[in-house]
Amino acid sequence: MLITNATLVTWEDPNRLLANHALLIEGGVIREIGTSAQLEKKYPNEERLDARGQLVMPGNICAHTHFYGAFARGMAIPGDAPENFKQILEKLWWPLDKSLDEEAVRYSALTCLVDAVKHGTTTLIDHHASPSFIDGSLDVIEEAVVRAGLRACLCYEVTDRDGTEKMRAGIRENVRFIQKTKSPLLAATFGLHAPLTLSDATLDECRAAAPEGTGFHIHVSESEDDKYSVFDGTKSGGGGWPVDWLNAHGALGPSTIIAHGVHLDEYEMDQLADTETWLTHQPRSNMNNAVGVADVDAALEKGIKVCLGNDGFSNAMWDEWKATYLLHKIHALDPRKMNGMTVTQMAIYNNAALANVFFPMTKVGQLTVGAVADIIFVDYHSPTELSAGNLPWHILFGFQADLVTTTIVAGNVLMKDRILLTLDEAEIAAKARESSAKTWKKYNEKFQ
Ligand SMILES: [Zn+2]
């Protein structure tokens with residue numbers, strides 16, 4: 001396939017904008033880049049996709065999300081509103097995830113995947129929980145991802161909150177799925193909930209069960225509850241802080257993702273930097289849960305690879321860019337905070353590097369020869385000069401998720417001119433409404 005008449009945004013470092021260009025895609029990979037005139041002449045019989053001057057760029061990557069949270073949309077929490085993060089878990093997320101059955105896992109995932117295709121997020125790193133349907137739950141999500149045609153890395157969050165049997169089922173599900181043969185679009189890692197709900201013994205059991213070279217995907221210090229959970233007298237190893245504890249139990253490293261890290265101290269940041277552990281930032285979620293503001297500037301200065309996730313908020317990653325850009329300015333009362341290039345460093349370069357950890361045989365996140373053809377078209381008509389250098393500020397102040405008109409993953413067109421080609425949105429929404437009604441009923445029964 002030849003994509004013609006494109007203004008390419010390569011997201012190399014440094015970034016390049018190439019007007020009137022074309023891309024040749026073969027076998028899911030970008031094989032050649034040249035001017036539209038050159039490549040149209042060279043490949044006269046190649047199938048064409050005319051970008052009509054739109055911006056053509058790599059698909060967005062989400063470093064941390066939860067497909068299982070889709071049915072929380074519009075759901076009422078019975079009783080008094082949660083007062084803190086622990087209560088948000090106890091009143092919303094834990095009774096909700098326990099209410100998910102196989103259908104609910106399937107339609108929660110498909111709901112999020114429709115959103116991802118429509119809004120140009122082509123690689124997603126998911127963190128799944130469904131304590132009433134653990135065995136095979138990752139296969140159900142895999143099926144949904146394959147149906148959508150997107151790229152994803154999956155895991156199941158192991159926790160002690162539902163007893164030993166379900167904890168062991170969580171370990172089994174991770175190991176089984178990690179060992180299963182994957183497609184080039186599917187990867188796996190080992191999920192853990194958070195220090196808050198994991199014992200010493202469970203963490204050691206996970207470390208022992210995880211196949212060689214596997215890292216972990218875990219929430220850490222999202223709230224103060226989690227930060228202080230290691231002081232409850234039941235955990236040993238390290239100096240008593242969550243990151244320290246994970247390090248002492250061998251859970252950090254270049255394949256491990258720490259989500260949030262809102263309350264990390266300097267000593268913990270040093271350990272993340274030393275072990276090359278990834279840290280993901282989700283400002284919309286942090287603001288919603290009122291848990292605090294992660295010091296990502298300090299983390300980046302220490303050399304920690306900070307990425308951008310969405311924690312189950314919309315798969316419109318430019319909304320997360322905007323939240324990041326605004327939150328840190330108001331928090332510091334300093335408009336110089338959180339430069340647009342810093343957001344780009346996290347959302348583009350670090351997210352691409354993280355995706356490449358899980359898809360090591362490919363090059364994800366840039367338009368260069370040899371990179372995977374994960375591509376979006378953005379119908380943006382700039383009223384001012386647009387350059388490779390000022391693009392981040394166009395994204396922050398001019399881009400909307402619905403400017404994405406075409407989404408391609410591994411050379412397969414998933415959405416063309418805003419028409420979904422792999423997923424039937426109306427059918428998925430109708431099935432999701434049936435399934436979510438059952439889920440809400442089970443959720444409400446837990447409060448009676
Ligand atoms: Zn999360």
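The legends below describe several close-up views of a predicted model.

**View 1. The zinc ion and its protein donors.** Four residues supply the protein donors of the zinc ion, namely His-64 and His-66 and His-219, each through NE2, together with Asp-311 through OD, and these atoms lie 2.0 to 2.2 Å from the ion. Read along the chain, the donors follow the spacing H-x1-H-x152-H-x91-D. Within this set, His-66 belongs to the loop between β6 (60–65) and α2 (85–98), whereas His-219 sits in strand β12 (residues 216–220), and the pair, 153 residues apart, links distant parts of the chain. The angles that the four donor atoms subtend around the zinc ion run from 93 to 162°, and the arrangement is therefore irregular. His-66 is buried, its relative accessible area being 7%, and His-219 is likewise buried, with a value of 6%.

**View 2. The salt bridge between Glu-142 and Lys-180.** The side chains of these two residues, Glu-142 and Lys-180, meet in a salt bridge with an N to O distance of 2.5 Å. Glu-142 is part of helix α4 (residues 137–148), while Lys-180 is found in the loop between α5 (164–179) and β10 (186–188), so the pair ties together parts of the chain that are 38 residues apart in sequence. Glu-142 is buried, with 11% relative accessible area, whereas Lys-180, at 29% relative accessibility, counts as partly exposed.

**View 3. The salt bridge between Glu-320 and Arg-284, and a network of salt bridges.** In the salt bridge that Glu-320 forms with Arg-284, the closest N and O atoms are 2.5 Å apart. Because Glu-320 lies in helix α12 (residues 317–332) and Arg-284 in helix α10 (residues 283–289), this pair ties together parts that are 36 residues apart in sequence. Both Glu-320 and Arg-284 are buried. Elsewhere, a network of salt bridges links Asp-97, Lys-98, Glu-157, Arg-161 and Asp-162, and the side chains of Arg-161 and Asp-162 meet in a salt bridge at 3.8 Å, N to O. The count for the model comes to 30 salt bridges.

**View 4. Helix α5 and the elements around it.** The 16 residues of α5 should span 22 Å at 1.5 Å a residue, and the end C-alpha atoms of the helix are 23 Å apart, which agrees with that expectation. The buried residues of α5 are Met-167, Ala-169, Gly-170, Ile-171, Glu-173, Asn-174, Val-175, Phe-177 and Ile-178. These buried residues pack against α4, β8 (151–154), β9, β10, β11 and α6.

**View 5. Helix α6 and its buried residues.** In helix α6 (residues 200–209), the buried residues are Asp-200, Thr-202, Leu-203 and Cys-206. The elements they pack against are β9 (157–158), α5, β11 (190–192), β12 and α8 (242–248).

**View 6. Cysteines without a disulfide.** A search of the whole structure finds zero disulfides. Cys-155 is in no disulfide, and the nearest cysteine sulfur to that residue, belonging to Cys-153, is 6.7 Å away, a separation that can be set against the requirement that the two sulfur atoms of a disulfide be within 2.5 Å. Cys-155 is buried, with a relative accessible area of 0%. Cys-206 is also in no disulfide, the nearest cysteine sulfur being that of Cys-155, 11 Å away. With 0% relative accessibility, Cys-206 too counts as buried.

Key. Residues numbered from 1 in each chain as written. Predicted model: local features only at pLDDT ≥ 70, side-chain atom pairs only at ≥ 80, totals over all residues. Heavy atoms only, no water. Donors = N, O, S within 2.8 Å, 3.2 Å for Na, K, Ca; no water. Tetrahedral: all angles 85-135°; square planar, octahedral: opposite > 155°, others 65-115°. Helix = DSSP H or I, 4+ residues; strand = E, 2+ residues; numbered from the N terminus. Buried < 20%, exposed > 50% of the residue type's maximum accessible area, 1.4 Å probe, protein only. Salt bridge = Lys/Arg side-chain N within 4 Å of Asp/Glu carboxyl O. Contact = heavy atoms within 4.5 Å. Expected span 1.5 Å × (residues − 1).
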